[in-house]
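Thank you all for coming; please have the picture open while I talk. I will go through it slowly, and I will explain each term when it comes up.

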Amino acid sequence: MALKQVDHGSKEYQQMVKLRDEILRQPLGLSLTVDELNKEKDDILIGAFDDEKILACCILTKADNKSLRLRQMAVQNNQQGKGIGASMLNFAEIIARDKGYKKLIMHARETAVRFYEKLGYKLVGDRFTEVTIPHFIMEKKL
Ligand SMILES: CC(C)(COP(=O)(O)OP(=O)(O)OC[C@H]1O[C@@H](n2cnc3c(N)ncnc32)[C@H](O)[C@@H]1OP(=O)(O)O)[C@@H](O)C(=O)NCCC(=O)NCCS
């Protein structure tokens, strides 16, 4: 498996968008919008690949000078539970640290809270609804 940063608009980016739509949006009856995709041109886009095939992806978006927001974390359905999500998040944390950021924050789906807790993330505040489902804010000091 290769973990790498992906350029906005590249062939890998198109694979990433398809994966995010399939894993994170279509099950909720939603889809990613052109406006959302245009807004992530300056984000850090990360993918896990096996040969040319995408296995997983996530995004880091600048929140402020010290923090990045982790977004759009998705692993292919038939690749979940094999350690890919944990490896990719570890890679994302290394990139964030290298760039001098001190904290990662996120809106975690309730169903994924235990996954993030295992990787050292802490719950912050109350449950809220986003894209129709329950979420919690979580964060980790880098
Ligand atoms: C949540 C997700 C990113 C985790 O990635 P993954 O590759 O499946 O997880 P890993 O195999 O790296 O798991 C690492 C550890 O977390 C645990 N874990 C993974 N997903 C979990 C979940 N949803 N609930 C509880 N524990 C979970 C694993 O059992 C493993 O535990 P271990 O170290 O004790 O063996 C992935 O399953 C996914 O894309 N799910 C659907 C979309 C989603 O919910 N994205 C997150 C949006 S906030």
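**The ligand and the sheet around it**

Let me begin with the ligand, which has 19 residues around it, and of these Q80, G85, A86, R114 and F115 come nearest; a residue is taken as near a molecule or strand if its C-beta atom, placed from the backbone, lies within 6 Å of it. Before I go further, I should say that this is a predicted model, in which local features need pLDDT of at least 70 and side-chain atom pairs count only at pLDDT 80 or more, while totals for chains, interfaces and linings use all residues. The residues are numbered from 1 along each chain as its sequence is written.

Which elements supply the shell around the ligand? At least two residues each come from α1 (11–25), β4, α3, β5 and α4 (113–118), where helices (H or I, at least four residues) and strands (E, at least two) are DSSP runs, numbered from the N terminus. By type, the residues of this shell divide into 10 nonpolar, 5 polar and 4 charged. In that division Ala, Val, Leu, Ile, Met, Phe, Trp, Tyr, Cys and Pro count as nonpolar, Asp, Glu, Lys and Arg as charged, and the others, Gly among them, as polar.

Now to the sheet, which is open, has 7 strands in the order β1-β2-β3-β4-β5-β7-β6, and shows mixed pairing; two strands are said to pair if DSSP finds at least two bridges between them. At the edges stand β1 (2–6) and β6 (122–130), and because each has a single partner strand, one side of each is left without a neighbour in the sheet. From one strand to the next, the twist averages 25 degrees, with axes being lines fitted to C-alpha atoms, for helices over the stretch in contact, and angles running from 0 to 180 degrees between N-to-C directions.

As a reminder for those new to this, strands of a sheet pair through backbone hydrogen bonds, either parallel or antiparallel. Here, strand β3 (residues 53–62) and strand β4 (residues 67–75) pair in the antiparallel sense over 6 bridges, and a hairpin of 4 residues joins β3 to β4. If you would like to follow the pairing by eye, C57 has A74 in β4 as its bridge partner, and I59 has R71 in β4. On to the parallel case: β4 and strand β5 (residues 103–109) are joined by 4 bridges, and L68 has L104 in β5 as its bridge partner.

Between those parallel strands comes a helix, and β4, helix α3 (residues 84–98) and β5 make a right-handed β-α-β unit. Right-handed is used here if, with the strands pointing away from the viewer, the path from the first strand over the helix to the second runs clockwise. Helix α3 also packs on the sheet, where it touches β1, β2 (44–50), β3, β4 and β5, and its direction makes about 35 degrees with that of β3; contact between two residues requires that their C-beta atoms, placed from the backbone, lie within 7 Å.

Let me finish with some single residues. Is I54, in strand β3, buried or exposed? I54 counts as buried because it has 23 C-beta neighbours inside 10 Å, the rule being that a residue is buried if 20 or more other C-beta atoms lie within 10 Å of its own, exposed if 12 or fewer, and partly exposed in between, with C-beta atoms placed from the backbone. Not counting residues up to four places away in sequence, I54 touches Q15, M16, L19, G47 and F49. I44, in strand β2, is partly exposed, with 19 other C-beta atoms within 10 Å, and, leaving aside its neighbours within four places in sequence, I44 is in contact with Q5, I59, L60 and I95.

Most residues other than glycine have a negative phi. Q72, in strand β4, has a positive phi of about 55 degrees although it is not a glycine, and Q72 counts as buried, with 22 C-beta neighbours inside 10 Å. D51, in the loop between β2 and β3, also has a positive phi of about 55 degrees without being a glycine, but D51 counts as exposed, with 6 C-beta neighbours inside 10 Å.
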